[in-house]
Every structure is written in C-alpha cells, then in structure tokens.
Amino acid sequence: MDVDPGFLVSLEKLLHASTETTQGDDHSKIVSFAANELAKRLLSVNPYLELNSSQIEKLEGIYRRTWQEMRRTGNIKITLMDIHYPELSKWLASLYPSKFQKILKTVPVVGSVVYEEYSAELQLELLGIDIYDIQQPVLDIGCGGQANLVRYLRSLGLEGYGVDRHLDVHGSYLTEVDWFAYRFERGAWGTIISNMSFTNHLNYAYLHDVSQLERYLLRMKDILSSLFIGGCFYYAPSLPFVEDKLSINEYRVERVQKVNNIFVSKVTKVA
C-alpha cells in the first residue's frame with residue numbers, strides 16, 4: 001500500500017496551518033470532520049452498514065490519535081502506514097458479519113449506490129403508484145440525498161415528506177435521521193414509500209445478518225402501524241417472509257413481479 005502524493009501534500013499543508021493556529025491537543029473540528037466524511041462515504045458505498053454512536057466514537061478516536069501522532073513526530077506517511085491504516089482496517093472489519101470479511105479482502109475496487117437518486121417518475125412507475133390516487137400525507141423512507149421524489153410530489157402540490165440519514169438538500173419537510181431513530185406516530189400517514197431502501201435493508205438482514213433482523217422486523221411493525229386505515233405502504237423489494245405473516249384482517253398485500261426475481265409490494269391497512 002502506498003499513499004497518494006497529492007493527499008500527502010494536502011495533509012502537510014493542513015498540519016502546518018494547524019501547528020501555527022491550534023493550541024494544545026484540541027483538534028475536535030478536524031477529527032469530527034474526518035470521521036463524519038469517512039462515515040458518509042462508507043455508507044454511500046455500502047448502505048447496509050449501521051453505524052451507531054459507539055462506533056463513530058471509536059472512529060473519531062482513531063483520527064484523534066493519528067492527528068496527535070502526526071503533530072508530535074511530523075512524519076505523516078509513517079504515521080498513516082504504521083498507525084492509522086492498521087487501526088482503520090480493524091475498525092472497518094468489525095462492522096461486517098464475519099463471513100463477509102474474507103470476501104471483502106478479495107474485492108480490490110468498491111462501487112457506489114445509484115438507486116437512491118432514481119428520478120421521481122421512475123420510482124413511481126416502478127412501484128406502480130398512480131399520482132392522482134396517492135393518499136396524503138406521503139412519507140418517503142430513505143428518500144436519498146437529493147430527495148427527488150419528495151420534491152417532485154411537493155412541486156405538484158402534494159404533502160410529501162422525506163427521511164434519510166444523509167441529506168444534501170434541506171427543508172422543513174425533510175428529516176436527516178436514521179430510520180431507527182425516527183418516530184412513527186400511529187395512524188399518521190396516508191402513503192409510505194420505500195424504494196430500495198428500508199425493505200432492502202430488512203431483506204439483507206434476513207439473508208445475511210440475522211443479528212439485525214429483530215430490530216428491522218419491529219421497525220416494520222412501527223411503519224405499518226403509522227398508516228391510517230386505507231393507507232398504503234409501497235416498497236421494493238418485496239418481503240414475502242413478512243407479508244405472509246400479516247393478519248388478513250388488518251392488511252391486504254398485493255405483490256407484482258417487475259423483472260426477473262424482483263417484486264414490488266403494496267400493503268394496504270384495512271382495519
């Protein structure tokens with residue numbers, strides 16, 4: 001492993017500026033910025049990861065120790081190679097199920113998530129939502145950084161809201177929060193949408209990380225309970241292992257195949 005020369009130059013400039021202006025070991029702004037940027041980029045590559053406050057604190061600790069060592073020795077490259085990268089590798093490995101860790105070692109290049117920024121029209125078409133029949137208010141869970149669907153609905157005069165853990169646009173109708181921290185009030189929504197977001201994660205937990213499954217199932221229950229009677233939850237991918245257990249006296253499930261083994265579902269609260 002080598003360090004990009006441009007990255008080293010940037011660090012040298014930052015270190016020099018910090019040495020001149022920063023007193024003591026108070027580097028909280030630099031540490032917080034670096035940790036948050038890494039977390040954001042990591043989640044953009046693998047949205048299935050869940051980063052809790054304890055994990056973020058550990059990440060900040062890595063950056064804090066790295067920064068303090070670079071200031072103490074002045075040797076940026078050695079600090080990165082001998083301290084920062086080994087600690088960061090251990091931290092990253094701890095985020096994944098053990099069976100994934102061996103696989104990740106064989107993957108030289110990581111990709112990116114594209115589905116969160118699908119156009120509003122494509123999302124509506126995929127989920128089979130008729131814009132003229134949609135019930136308000138509408139909540140988009142995992143709306144994406146640009147909140148394309150929410151902003152489109154509002155441009156049509158519809159009462160749309162969005163939730164996502166990272167937002168690039170902001171407004172009173174958008175909430176930057178993890179969906180496990182969001183409060184789903186009973187009977188509050190006419191339509192809830194999850195296009196390749198919450199249910200995709202629930203499906204991942206079911207197939208690959210059973211340790212997370214119970215909390216996702218409980219959150220699914222909260223989501224369904226937040227529909228008012230006659231309200232609908234539209235999502236992809238479908239969750240037959242959940243849907244088949246729903247009470248037919250409370251919910252009506254419609255499942256449609258879109259392509260290959262990809263299905264979309266519409267769950268209507270009937271009582």
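**Close-up views of a predicted model**

**View 1. The whole chain, and how confident the prediction is.** Welcome to this predicted model, in which the protein chain averages a pLDDT of 85 and 86% of the residues score at least 70. The protein chain holds 10 helices and seven strands. Of its 271 residues, 44% are buried. The chain exposes about 15100 Å², and carbon and sulfur atoms supply 53% of that area. Among contacts between residues at least 6 apart in sequence, 64% join residues at least 24 apart.

**View 2. A stretch to read with care.** Over residues 108-115, pLDDT stays under 50. For these residues the model has 10 contacts beyond four places in sequence. Where pLDDT is low, the predicted coordinates should not be read in detail.

**View 3. The open sheet.** Follow the seven strands across the sheet and you will meet them in the order β3-β2-β1-β4-β5-β7-β6, with mixed pairing. At the edges sit β3 (174-176) and β6 (251-259), each of which pairs on one side only. On average, neighbouring strands of this sheet are turned by 15° against each other, direction ignored. As a reminder, strands of a sheet pair through backbone hydrogen bonds, either parallel or antiparallel.

**View 4. Strand β4 and its two neighbours.** Here we zoom in on β4, residues 189-195, which runs parallel to β1, residues 138-141, and is joined to that strand by three bridges. One pair to look for is V138 with its bridge partner T191 in β4. Turning to β5, six bridges join β4 to this strand, and the two run parallel. In that pairing, N195 has A236 of β5 as its bridge partner. Seven of the seven residues of β4 are buried, so this strand is largely enclosed by the rest of the structure.

**View 5. Helices against the sheet.** Helix α7, residues 148-155, lies across β1, β2 (160-164), β3 and β4. The helix runs at about 170° to β2. Helix α8, residues 198-208, also packs on the sheet, where it touches β1, β4 and β5 (227-236). The direction of α8 makes about 65° with that of β5.

**View 6. Helix α9 and its buried residues.** Helix α9 spans residues 213-225, 13 residues in total. From its first C-alpha to its last, α9 reaches 18 Å, close to the 18 Å expected at 1.5 Å a residue. Which residues of α9 are buried? They are L213, Y216, R219, M220, I223, L224 and S225.

Note on methods. Residues are numbered from 1 along each chain as its sequence is written. This is a predicted model: local features need pLDDT of at least 70, side-chain atom pairs count only at pLDDT 80 or more; totals for chains, interfaces and linings use all residues. Side-chain values use heavy atoms; hydrogens and water are left out. Helices (H or I, at least four residues) and strands (E, at least two) are DSSP runs, numbered from the N terminus. The expected span of a helix is 1.5 Å times one less than its number of residues. Buried means under 20% relative accessible area, exposed over 50%, partly exposed in between (1.4 Å probe, protein chains only). pLDDT is the predictor's confidence in each residue, from 0 to 100. Contact means heavy atoms within 4.5 Å. Accessible areas come from the Shrake-Rupley method with a 1.4 Å probe; for residues, only the protein chains shown count as cover. Two strands pair if DSSP finds at least two bridges between them. Axes are lines fitted to C-alpha atoms, for helices over the stretch in contact, and angles run from 0 to 180 degrees between N-to-C directions.
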